[in-house]
Amino acid sequence: MRTGIFGIYCQKKQTEHSIRPVSSALFSYRYDSFKADRVQTLRAHWSICSYRPVRCVPLPTTHCRLRLTWSREHALWTPQQWSCVMFSDESRFSFQSDSRWTLIWRAPGTRCHPENTIERHRYGGAGWLVWGGIILGSRTDMHVQSVTMPGHIYRDVILEQHVRLFRGAMGAEFLFMDDNARPYRANIVDECLQSEDVTRMDWPAYSPDLNPIEHVWDMLGLRIAARQPPPTCLPELRRALLDERCNIPQDQIDNLILSMPRLCKACIASSGRHTPY
């Protein structure tokens, strides 16, 4: 059967329409394969690996400037000066995990670069709120409660039962550090500090990375997670927190306090932004 010119033209167009998608798909496959191989090669060359992003509190420009100023003022403090400071903080321990399994690609040594951090505030969930204070050579008892800490509890429990005793033992050189939380700035708290002649240390807001007690909370959390069997209810978690707090060696806490000059220098090097600590 002979095919006319119109039939040949139609066969040619059908062939072209059938070949183009195949060639495009083949090119796309080869390009994507080349691109994936190239990306893997570059990652291996620059030692880029998959990590979880660092979660940090938000740092506006104003806070960065205040952090930088504070670090410059305290970078040359001596161990004797740091030994007079009681670092305090509260933290929440709960059964709810803050891990969202978010992975990013980054090179070693770039952990706290702005593009590798996620700024967010702390998470909630059922658990215990704990407060503690550390000082060179000693520490306070840990206070545990299930609710947030209003100003009157902070005054009656924390200041009267813990801070006042250290102030009496150390004298006028004693400095008390808190993180500028709103309950700590209540009028009844200021009046109590004045009546007990307790000097409050100036502290830049949103600076948990400069507070060595944050590492104590990390140690405590790791010890709680390593317990076998792990705590399964709130009373067990409370007992575990009190037990493991006493098991943290004092020399590790002292090393954290003596590392404050290094923390100040790291904050200066980052121009007041997040540090690796």
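How much accessible surface does the chain have, and what share of it belongs to carbon and sulfur atoms? I looked that up before anything else. The accessible surface comes to about 16500 Å², and carbon and sulfur atoms hold 57% of it. A reminder to myself: this is a predicted model.

**Overall layout**

I noted 9 helices and 10 strands in the chain. The chain has 277 residues, and 38% of them count as buried. Then I checked the contacts with a separation of 6 or more: residues 24 or more positions apart account for 80% of them.

**Nonpolar cores**

Nonpolar side chains tend to be buried together in soluble globular proteins, so I went looking for cores. The largest nonpolar core has 34 residues, and the members that touch the most others are Trp70, Trp82, Val85, Phe87, Met201 and Leu241. I wrote down the elements that each give at least two residues to this core: the strands β3 (85–94), β6 (127–135) and β9 (175–177), and the helices α6 (213–225), α7 (234–247), α8 (250–258) and α9 (260–269). Helix α6 has the largest share of this core, with 6 residues.

I picked Met201 for a closer look. What does Met201 contact, leaving aside its neighbours within four places in sequence? My list reads Trp70, His74, Trp77, Trp82, Val85, Leu175, Phe176 and Met177. Trp70, Trp82 and Val85 were already on my page as core members.

There is also a second, separate core, with 18 residues. Met86, Val189, Cys192 and Val198 are among them.

**The cavity**

I found 1 cavity of 30 Å³ or more in the structure. Its volume is about 40 Å³. Which residues line this cavity? They are Leu159, Val163, Arg164, Cys192, Leu193, Glu196 and Val198. Cys192 and Val198 also belong to the second core. By class, I get 5 nonpolar, no polar and 2 charged residues in the lining. Helices α4 (151–170) and α5 (187–195) each supply at least two lining residues, and α4 gives the most, with 3.

**Along α4**

His162 is in helix α4. Is His162 buried or exposed? It counts as buried, because its relative accessibility is 12% and the cut-off for buried is under 20%. Not counting residues up to four places away in sequence, His162 touches Trp131, Thr140, Asp141 and Val157.

That took me to Val157, also placed in helix α4. Val157 has 17% relative accessibility, so it counts as buried too. Beyond its neighbours within four places, Val157 is in contact with His143 and His162. For the His143 pair I noted a C-alpha separation of 8.4 Å, with the two positions 14 residues apart along the chain.

**Over to α5**

Glu191 is in helix α5. Its relative accessible area is 52%, so Glu191 is exposed. I also looked up Glu191 against Arg155: they are 36 residues apart along the chain, and their C-alpha atoms are separated by 9.5 Å.

**Backbone oddities**

Most residues other than glycine have a negative phi, and most peptide bonds are trans. I listed the exceptions I came across.

- Gln228 and Pro229 are joined by a cis peptide bond, with omega about -5°. Pro229 is in the loop between α6 and α7.
- Asp197 is not a glycine, yet it has a positive phi of about 55°. Its place is the loop between α5 and β10 (199–200). Asp197 counts as partly exposed, because its relative accessibility is 48%.
- Ser271 is not a glycine either, and its positive phi is about 60°. I found Ser271 in the segment after α9.

**Helix α9**

Ser271 comes just after α9, so I ended with that helix. Which residues of α9 are buried? I have Met260, Pro261, Leu263, Cys264, Ala266 and Cys267. What covers the buried residues of α9? The cover includes α2 (61–74), α3 (79–82), β3 and α8. I had met β3 and α8 before, as elements that each supply at least two residues of the largest core, and α9 does the same.

Note on methods. Residues are numbered from 1 along each chain as its sequence is written. This is a predicted model: local features need pLDDT of at least 70, side-chain atom pairs count only at pLDDT 80 or more; totals for chains, interfaces and linings use all residues. Side-chain values use heavy atoms; hydrogens and water are left out. On a 1 Å grid over the protein atoms alone, a cavity is a set of points where a 1.4 Å probe fits but cannot get out, and a pocket is an open set with protein on both sides within 12 Å along at least five of seven lines; lining residues have an atom within 4 Å of a point. Grid points are joined across faces, edges and corners, and a volume is the space filled by probe spheres set on the points. Helices (H or I, at least four residues) and strands (E, at least two) are DSSP runs, numbered from the N terminus. Ala, Val, Leu, Ile, Met, Phe, Trp, Tyr, Cys and Pro count as nonpolar, Asp, Glu, Lys and Arg as charged, and the others, Gly among them, as polar. Buried means under 20% relative accessible area, exposed over 50%, partly exposed in between (1.4 Å probe, protein chains only). Contact means heavy atoms within 4.5 Å. Accessible areas come from the Shrake-Rupley method with a 1.4 Å probe; for residues, only the protein chains shown count as cover. A nonpolar core is a set of buried Ala, Val, Leu, Ile, Met, Phe, Trp, Tyr and Cys residues joined through side-chain atoms within 4.5 Å.
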